[in-house]
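Hi,

Here is the structure I said I would pass on. Have a look at it first, and then read on for my notes.

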Amino acid sequence: MDSQIEQLASTYLRDVRPTGASGLRATCPLCESKRAFTMSTEHGGWKCFSCEESGSITTFLYKVGRLTRKQVDRAVGTLRVAPRLSDRAKRKMDVKEEWT
């Protein structure tokens, strides 16, 4: 396991296996369903196809790690995660760059 997301996942998940170029599959820590939980190592997004829970690395730490806001902020601050921006956020960034 080489990425920080993979190290974090191995802390909170069981039976972690790589899938594809940038994904992980594991037993869901919320519903205990085997092989229904997937996580992207690129941006930290996750989803369980059994219990339908999903979210970002932040919501993962809230729900699974049961961490406080301060603990989550500290943990996420140490990760090198490329956040996914919505198209709207990207357009706002493009507009701001044009005006500078």
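There are 4 helices and 5 strands in the chain, and this is a predicted model, so please read everything below in that light. Starting at the N terminus, the order of elements is α-β-β-β-β-β-α-α-α. Of the 100 residues in the chain, 30% are buried. The accessible surface is about 7,000 Å², with 48% of that belonging to carbon and sulfur atoms. If you look at contacts between residues at least 6 apart in sequence, 24% of them join residues at least 24 apart.

Now the sheet. The 5 strands make an open sheet, ordered 1-2-3-4-5, with antiparallel pairing. Strand 1 (14-19) and strand 5 (54-55) are at the edges with a single partner strand each, so each has one side without a neighbour in the sheet. Further in, strand 2 and strand 3 pair in the antiparallel sense over 4 bridges. Glycine 23, for instance, has serine 40 in strand 3 as its bridge partner.

Next, the core. The largest nonpolar core counts 18 residues, and Leu13, Phe37, Met39, Ile57 and Phe60 are the ones with the most contacts inside it. At least two residues of this core come from each of helix 1 (4-12), strand 2 (23-27), strand 3 (37-40), strand 4 (46-48) and helix 2 (57-63). Methionine 39 is a handy residue to centre your viewer on: setting aside neighbours within four places in sequence, its contacts include Ile5 and Ala9, Gly23 and Leu24, Trp46, and also Ile57 and Phe60.

What about the cysteines: how many disulfides does the count come to? The count is 0. Cysteine 31 is in no disulfide, and the nearest cysteine sulfur to it belongs to cysteine 48, 3.7 Å away. For cysteine 48, the closest cysteine sulfur is the one in cysteine 28 at 3.5 Å, which is too far for a bond because the cut-off for a disulfide is 2.5 Å. Cysteine 48 has 0% relative accessibility and so counts as buried, while cysteine 31, at 30%, counts as partly exposed.

Serine 33 sits in the loop between strand 2 and strand 3. Its relative accessibility is 19%, and it counts as buried because the limit is under 20%. Leaving out neighbours within four places in sequence, serine 33 is in contact with Ala26, Thr27, Cys28 and Ser50.

Last, the charged pairs. Side chains of opposite charge can pair when their charged atoms come close. The count here is 2 salt bridges. One joins glutamate 32 to arginine 14, with the closest N and O atoms 2.7 Å apart. That pair links distant parts of the chain, since glutamate 32 is in the loop between strand 2 and strand 3 and arginine 14 is in strand 1, 18 residues apart. Both partners are partly exposed: glutamate 32 has a relative accessible area of 45%, and arginine 14 is at 48% relative accessibility.

Lysine 63 forms a salt bridge with glutamate 53, and there the closest N and O atoms are 2.4 Å apart. Lysine 63 belongs to helix 2 and glutamate 53 to the loop between strand 4 and strand 5, 10 residues apart. Lysine 63 is partly exposed at 34% relative accessible area, and glutamate 53 is partly exposed at 28%.

Cheers

Methods. Residues are numbered from 1 along each chain as its sequence is written. This is a predicted model: local features need pLDDT of at least 70, side-chain atom pairs count only at pLDDT 80 or more; totals for chains, interfaces and linings use all residues. Side-chain values use heavy atoms; hydrogens and water are left out. A nonpolar core is a set of buried Ala, Val, Leu, Ile, Met, Phe, Trp, Tyr and Cys residues joined through side-chain atoms within 4.5 Å. Buried means under 20% relative accessible area, exposed over 50%, partly exposed in between (1.4 Å probe, protein chains only). Contact means heavy atoms within 4.5 Å. Two strands pair if DSSP finds at least two bridges between them. Accessible areas come from the Shrake-Rupley method with a 1.4 Å probe; for residues, only the protein chains shown count as cover. A salt bridge is a side-chain nitrogen of Lys or Arg within 4 Å of a carboxyl oxygen of Asp or Glu.
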